[in-house]
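These are my notebook entries on one protein model. I set out to record what I looked up, entry by entry.

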Amino acid sequence: MHARRSRQDASVAETSTPDSETRTRWQRLRPILFWMTGFLCLLALIVGGATYGGLYQGERDREQERQELAEQHYRAGLERLDAGEYELSIAEFEYVLELDSDHPFASQGIAEAQARAAARPTPTSETYEIVADDLYREAAVHYDAEEWAEAVAVLTQLRALDPTYEAETVEEMLFTSLYNAGIALLDENRFEEGIFYLDQAVALRPPDEDALKQRSLAVQYMTALGYWGVDWERCIERYEQLYAVAPNYKDVFQRLYRAHVIYADAWYAQGEMCPAEVQYALALQLTADPDPAVERKRVETAQICLVATPTPIAPITGTLPITLTEPPPGFTTGRLAYPVYNTQTGLYDIYTLFADGRLMRMVGGADQPCWLWGSGALGYRNLLSPGISLLVPGEATPRQLAAGAGRAWPTFSPDGGRMAYAAQDVAGAWKIYITPTDGSTEPEMHAAGKGPIWGRNGWLAWTGCEPDGACGIFVDNPDDDQPPIRLSASINDIGLHWSPDGGNLAYMSNHTGDWEVYLVSTAGGFARLTENPASDGLPAWAPDGSGLAFVSNRGGAWGLYLMGPNGEDPHKILTLGPSLPNWTAQRLSWAP
């Protein structure tokens, strides 16, 4: 029995030993497994975070790639549009919208391409002939109705489509229409527009004696009228010259008589009786029916002059400073030059608004102002002595920088040493010229285009077309040998003005059917700054970049407006009047 129990105990001992060893091994492995599990969880978190970060960065990269790809295809769309490949252009713009549904100009590009495609004649000789026939008939209707300006527009379009179509007849009709349109405008005292039409008529064929005579009379009258109220001595001198050759031209007799009387009254008011008596006498000599009041003043001044002691006196000129009732809201920096249409003279005058609230009439018979940076000198297109002039503080008379009609849009290099301007050739094509401001060398033709503007970065911008017909805004460093860069795609992108940092150009265009103000970056990309049914344009950057000035006819009258650099808070600061003829060819200039 004892032996049996011993065997049982031995058996129990044998069966219990493996379990103990198993428990012991588990106790040893459990911490290792716990740390391994924690390590694997941590590893999973790290891998997951890295994967998420990679996905997020990848999405950002893909978004940037989409934006860049959209911009590439937008530019490709513009190139297709310029090349007349309208269907391919539409496809490019539609793909841009697939990449970036909020692209600001792709929809506009589609609309433009569709409009051009709809207006495009089928490129066959038969279709071109049909279109030319239609244009000729339309021109004939306007011509027979003596609607000269409308006839000019249609005939010009016909010559551009087919220069050989009824060439002699079309040229004769065009010349007659240009001539009569010019004369009609001169009769309405719209001198600049009338002279423009007459210049085109003269350029079309060998000089016509009557056309040249009418143009000369208009220029003389316009010149004399420009001195009205500004410089009576010069005004009378110019009217006397015109009266001597064409005494019945317009109201030259009445103008000359009134100028003598007004000048005499001005001397009289200052107590200067001798020069007053001279002017009263000259006025009375012009008429066989003298005004008794003028005769009494002549007698009075003559009697006083007999006993007066002669002293040197300076001639009387017009009064230039103007007092504002209150400073314009928000105008706090620099000086802003702008044109105002003078209904009396039929010409523009240039005014300047100063940050201290002063307003000054700078010069009459002038437009397209441009400050010479770093000085108080003001360049402008001279409408009285056709060409480009510079008004320098302290100098009695302006300097003539470039003589001759057709020169326009003066602009100066940052150091003031050079001037660029646009001029028309005999065919009416605009070209950009660069010349030393002091006139030391002859001007050199730089590019085809108009409306040049020099930036503080030393770059020149203008609106023009390439030889292959691609048009838009061009920028160029005139001091290197690299070709110009085209930034936009419309010949109607005009009125350019550089931002102070040289990174953007403000301009105006009628992409949407009316004129609005836009920005284009030199690095690519566009922004629209105004959105109003009225006409907005002629932007000019503040010299510190704090905003832009522009003109608009909101509310039915033209005014000078200010807005922030992104188009915010547009508000009127000055009223310019009911009329700004040919306003798209004007300019504002803002300097420190």
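The entries below cover confidence, helix packing and sheets.

**Entry 1: Confidence**

I noted at the start that this is a predicted model. I therefore looked up the confidence before anything else, taking pLDDT as the predictor's confidence in each residue, from 0 to 100. The protein averages a pLDDT of 82, and 83% of the residues score at least 70. I found the highest confidence in strand E21 (residues 536–541), with a mean of 98, and the lowest in strand E1 (residues 321–322), with a mean of 52. I also looked at residues 1–16, where pLDDT stays under 50. For residues 1–16 the model has zero contacts beyond four places in sequence.

**Entry 2: Helices H6 and H8**

I asked at what angle helix H6 and helix H8 pack. Helix H6 (residues 167–187) packs against helix H8 (residues 209–226) at about 25 degrees, and their axes are 11 Å apart. H6 is therefore roughly parallel to H8, since angles under 35 degrees count as roughly parallel. I recorded the crossing of H6 past H8 as left-handed. On the H6 side, Tyr-179, Ile-183 and Leu-186 make the contact; on the H8 side, Asp-210, Ala-211, Gln-214 and Ala-218 do so. I sorted the residues of this contact by class and obtained five nonpolar, one polar and one charged.

**Entry 3: Helices H10 and H12**

I turned next to helix H10 (residues 252–269) and helix H12 (residues 292–307), whose axes come within 12 Å and cross at roughly 45 degrees. This angle makes H10 oblique to H12. The crossing of H10 and H12 is left-handed. I listed Tyr-257, Val-261, Asp-265 and Tyr-268 in H10, which meet Val-294, Lys-297, Glu-300 and Thr-301 in H12. The contact of H10 with H12 comprises four nonpolar, one polar and three charged residues.

**Entry 4: Helices H11 and H12**

H12 also packs with helix H11 (residues 273–285), at an angle of about 145 degrees and with the axes 8 Å apart. I recorded a left-handed crossing for H11 and H12. From H11, the contact includes Met-273, Tyr-280 and Leu-284, and from H12 it includes Val-294, Lys-297 and Thr-301. The residues of the contact of H11 with H12 divide into 10 nonpolar, one polar and four charged. I noted that Val-294, Lys-297 and Thr-301 of H12 are also listed in the contact with H10.

**Entry 5: The sheet E13 to E16**

I then looked up how the strands are ordered. Strands of a sheet pair through backbone hydrogen bonds, either parallel or antiparallel. One open sheet has four strands in the order E13-E14-E15-E16, with antiparallel pairing. Its edge strands are E13 (450–454) and E16 (485–486), each pairing on one side only. Three bridges pair E13 with strand E14 (residues 460–465) in the antiparallel sense. I found that Ile-453 has Ala-461 in E14 as its bridge partner.

**Entry 6: The sheet E17 to E20**

Another open sheet of four strands follows the order E17-E18-E19-E20, and its pairing is antiparallel. Which strands stand at its edges? They are E17 (494–498) and E20 (526–528); each has a single partner strand, so one side of each is left without a neighbour in the sheet. Neighbouring strands of this sheet are turned by 25 degrees against each other on average, direction ignored. I recorded six bridges between strand E18 (residues 504–509) and strand E19 (residues 516–521), which run antiparallel. Leu-505 stands opposite Val-520 in E19.

Definitions and conventions. Residues numbered from 1 in each chain as written. Predicted model: local features only at pLDDT ≥ 70, side-chain atom pairs only at ≥ 80, totals over all residues. Heavy atoms only, no water. Axes fitted to C-alpha atoms, helices over the stretch in contact; angles between N-to-C directions. Helix = DSSP H or I, 4+ residues; strand = E, 2+ residues; numbered from the N terminus. Parallel < 35°, antiparallel > 145°, perpendicular 65-115°, else oblique. Left-handed = near helix turned anticlockwise from the far one by under 90°. Contact = heavy atoms within 4.5 Å. Nonpolar A, V, L, I, M, F, W, Y, C, P; charged D, E, K, R; others polar. Pairing = 2+ DSSP bridges.
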